[in-house]
Amino acid sequence: MISFAPTEDQQLIIDNIRRFVRERVQRASREADEGRGYSAGLLSEGWQLGLLGIWTPEAMGGLGEPHSAIGAALFAEELAYGDLALALHLLTPALFALPVLEFGTSAQQERWLSSLESEKLPMLTAALNENGWNFDPANLATTATRDGDGYVLNGAKVRVPIAAEAEAMLVYAAEDGKTQAFIVEKGAEGLQIGEREQLMGIRALPTYELTLAECRIPASAKLGEAGGVELDKLLNFSRVTVGGLAVGVARAALEHAVTYAKERQAFGKAIAQYQSIAFFLAEMQMEIDAARLLVWEAAWNVDKGSPATRECALGVHYADETAMLVADRTVQIYGGHGYIRDNGVEQLLRDARSFATLTGSAML
């Protein structure tokens, strides 16, 4: 029987996220977008919600619950309802830690997961995306070549969150034609981090291009070593999380649209009472509900261990399209006011556009 109900611990985290978003994030979102970053204090507060700690084994300071894709989708939606850039920032350590939890050797887990106990956001990230219209996670241009007792990485990555501050990152590269993940530490030979990228949306999230030029790492840096990683499993984790984020952005946009439509008067009555606007709002709500259910169904399939790539791909695509549709219509409902930066809905539209670039950029 399908059930989307969160556990008691998951519900507690959801309630805490909602409180955090209401009391801290929504007031800071606009300033963070303009200033291109959140304060370290607010990021630490967000990390202390325990987003990743719930899946972390008790021996490593976590709650030790089995990983739940449904839980991840629920957490992601609530975070992105507050602000997408902050959500992606808080989820960035999971891009590194969750693959290590799933596929890392005991030595890799012991070394790298201890930082999850910190009250500060761990400086861990991952580099998957590459430039080009033909980017394919299963057919990467970045390569990993075995060389004696180590590997040599060559290639380039884009949109790598917090790369300049990261103590370590997971770099995905093709080894003999198959995508694997490699732990590259700060200051590694041949690792070059470029200037911060100038993005249209998610402006409060620092992302960077990086180049790997004969970047040498030890053989023990391959995640899982001989066992490697299952790329499809990790991508499905990411798709569910990104789908949840998209639903959260769409939900925030609809709330703006409904509030404005009830308050804005035209020809003696609220514009929400006009059929064209009412139909807009109703369709937006239906699309959000449909997207949420598709994401939840995909997550449920992931949790029960079924082959879920089809469901995850459909769910994230529909949710991404819904975020863009709802954000765009919200700007339309605002009319000329929607084009004014101080109203905030144009930020939601810019953020919604970013989902086209977020393949593998969020995971929980």
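All 14 of the 14 residues of helix 3 are buried, so this helix is largely enclosed by the rest of the structure; buried here means under 20% relative accessible area, exposed means over 50%, and partly exposed lies in between, with a 1.4 Å probe and protein chains only. The structure is a predicted model, in which local features need pLDDT of at least 70 and side-chain atom pairs count only at pLDDT 80 or more, while totals for chains, interfaces and linings use all residues. Residues are numbered from 1 along each chain as its sequence is written, and side-chain values use heavy atoms, with hydrogens and water left out.

Helix 3 covers residues 69-82, and its end C-alpha atoms are 20 Å apart, which agrees with the 20 Å that its 14 residues should span at 1.5 Å a residue; the expected span is 1.5 Å times one less than the number of residues. Isoleucine 70 and alanine 5 are 65 residues apart along the chain, yet their C-alpha atoms are separated by 8.5 Å. Alanine 5 itself lies in the segment before helix 1 (8-35).

The protein chain as a whole has nine helices and nine strands, where helices (H or I, at least four residues) and strands (E, at least two) are DSSP runs numbered from the N terminus. Its radius of gyration is 21 Å, in agreement with the value near 21 Å for a compact globule of 364 residues; this radius is taken over C-alpha atoms, and the globule rule is 2.2 Å times the number of residues to the power 0.38. Of the 364 residues, 55% count as buried. Among contacts (heavy atoms within 4.5 Å) between residues at least 6 apart in sequence, 75% join residues at least 24 apart.

Three residues outside helix 3 are set out below by place and accessibility.

| Residue | Place | Relative accessible area |
|---|---|---|
| Alanine 5 | segment before helix 1 (8-35) | 58%, exposed |
| Glutamate 214 | strand 7 (residues 207-218) | 42%, partly exposed |
| Phenylalanine 267 | loop between strand 8 (265-266) and strand 9 (269-270) | 82%, exposed |

As for the backbone, glutamate 214 has a phi near 55°, a positive value in a residue other than glycine, and phenylalanine 267 likewise has a positive phi near 55°.
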